[in-house]
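Open the model in your viewer and keep the selection tool ready. The stops below are given in the order in which to select them.

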Amino acid sequence: MREKELARYLSSYAGPPLRLMEVCGTHTSSLYRSGIRQILSPKITLLSGPGCPVCVTPTAYIDKLVSCSMKPQHRVMAFGDLLAVPGSRMSLAGARDRGGQADFFYNPEDVLAMAERDRTTTFVLAAVGFETTAPVWADLIKRVWEEKIPNIRFLTALKTMPQAMEILAGDPHIDGFLCPGHVAVITGSRPFRKLAEDSGKPMVIGGFTPPLLLRALARLVLEASRKQGGVWNEYPSVVREEGNRRALSLMADVFEEGDAVWRGLGNIKGSGLYLSAAYAGLDAGSRNLTEDIMPAGCCCAQVLTGRMTPGDCPCFGRACTPDHPVGACMVSGEGACSITYRGG
Ligand code: SF4
């Protein structure tokens, strides 16, 4: 079908009501920006999922970064949006106002030169992400280890998506999934095949341009309306069955699996990536950061699991805005609340 026909199919769909989850924050954002979300038939409800790494990071991780930033001769470096995420007492930006050392990078590699210029400071890098960024972090960690750079440490909050999706796939009020395309480039389509077999639900891997989104969503609506389980790869130009072998092997070398706490989903077995024994000397204390305290009134847990839309949260647009975020979902550019606030 051509794009116009796909758009017409999605806007005039009159089959059974469908609740479909777009797992990835970049999909949430692309669906808004392309206008596709706005043209969908009222019978199709899109639910945002946990695919924003900053949003699912528990408060204990932010608290740990805050405490690192307060240590003498330490400086925390993170992607910009992480600085504004509230911890249980304060954000990293708040810690900076109180004398903590925290700054942002555009590219984590930039910290190598900073660390060389200032050997008296230990730079703690906040390594947050999913399979998409884990290979980049693995590469950097390997380099720091091999070059014996003495004053860089990593606080990791790296997570793997199939384990979280396994929990969501069992939720009877979700009829199908638009699977995270960037993650699938690394993992391949195989992990989603297993999820589809176990849940009997459709899993469609989609790209990010409007034509690719239309194609993936139309496929998802068609299969979900037929209650047809399976995996459809609508991003075949970059997603292969076996994934990116080089990236997977790099990750296997540097990381080992462990349990991880996801905001909204709790502790998920084997869903975290931690520095393996060979690189453990570079770890800044990433394990056992399990506490997750939701700010009063915040519904991020429900938003991240598709049980609420951002607009259902009583704080949305009132107590919670991008300038004064109450929860992490209003901070990140991939957070459903932030996207809805700016795009809705
Ligand atoms: Fe959390 Fe704010 Fe979103 Fe409510 S609007 S769920 S408080 S981030």
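**Stop one: helix α7 and the residue after it**

Select lysine 148, just after α7, which takes a positive phi of about 55 degrees. The model is predicted, so local features need pLDDT of at least 70 and side-chain atom pairs count only at pLDDT 80 or more, while totals for chains, interfaces and linings use all residues. Residues are numbered from 1 along each chain as its sequence is written, and side-chain values use heavy atoms, with hydrogens and water left out.

Now step back to α7 itself, residues 134-146. Helices here are DSSP runs of H or I with at least four residues, strands are runs of E with at least two, and both are numbered from the N terminus. The 13 residues of α7 reach 18 Å from first C-alpha to last, close to the expected 18 Å (1.5 Å times one less than the number of residues). Colour Ala134, Pro135, Trp137, Ala138, Leu140, Ile141 and Val144: these are the buried residues of α7. Buried means under 20% relative accessible area, exposed over 50%, and partly exposed in between, with a 1.4 Å probe and protein chains only.

**Stop two: glycine 311**

Go to the loop between α13 (300-304) and α14 (336-343), where glycine 311 is placed. Glycine 311 is exposed, with a relative accessible area of 53%. Add threonine 340: the two residues are 29 apart in sequence and 8.0 Å apart in space, C-alpha to C-alpha.

**Stop three: the ligand**

Select the ligand and the 13 residues around it (a heavy atom within 4 Å). Which of them come nearest? They are Cys298, Cys300, Cys313, Cys320 and Cys337. The shell divides into twelve nonpolar residues, one polar and no charged. Ala, Val, Leu, Ile, Met, Phe, Trp, Tyr, Cys and Pro count as nonpolar, Asp, Glu, Lys and Arg as charged, and the others, Gly among them, as polar.

The ligand sits in the largest cavity, meaning that more than half of its atoms lie within 2 Å of the grid points. A cavity is a set of points, on a 1 Å grid over the protein atoms alone, where a 1.4 Å probe fits but cannot get out; lining residues have an atom within 4 Å of a point. The largest cavity has a volume of about 90 Å³, the space filled by probe spheres set on the points, which are joined across faces, edges and corners.

**Stop four: the second largest cavity**

Finish with the second largest cavity, about 40 Å³. Its lining includes Val23, Cys24, Ser48, Leu304 and Glu334. β2 gives the most to this lining, with three residues.

Notes
1 Å grid on protein atoms, 1.4 Å probe; cavity = no way out; pocket = protein on both sides within 12 Å on 5 of 7 lines; lining within 4 Å.
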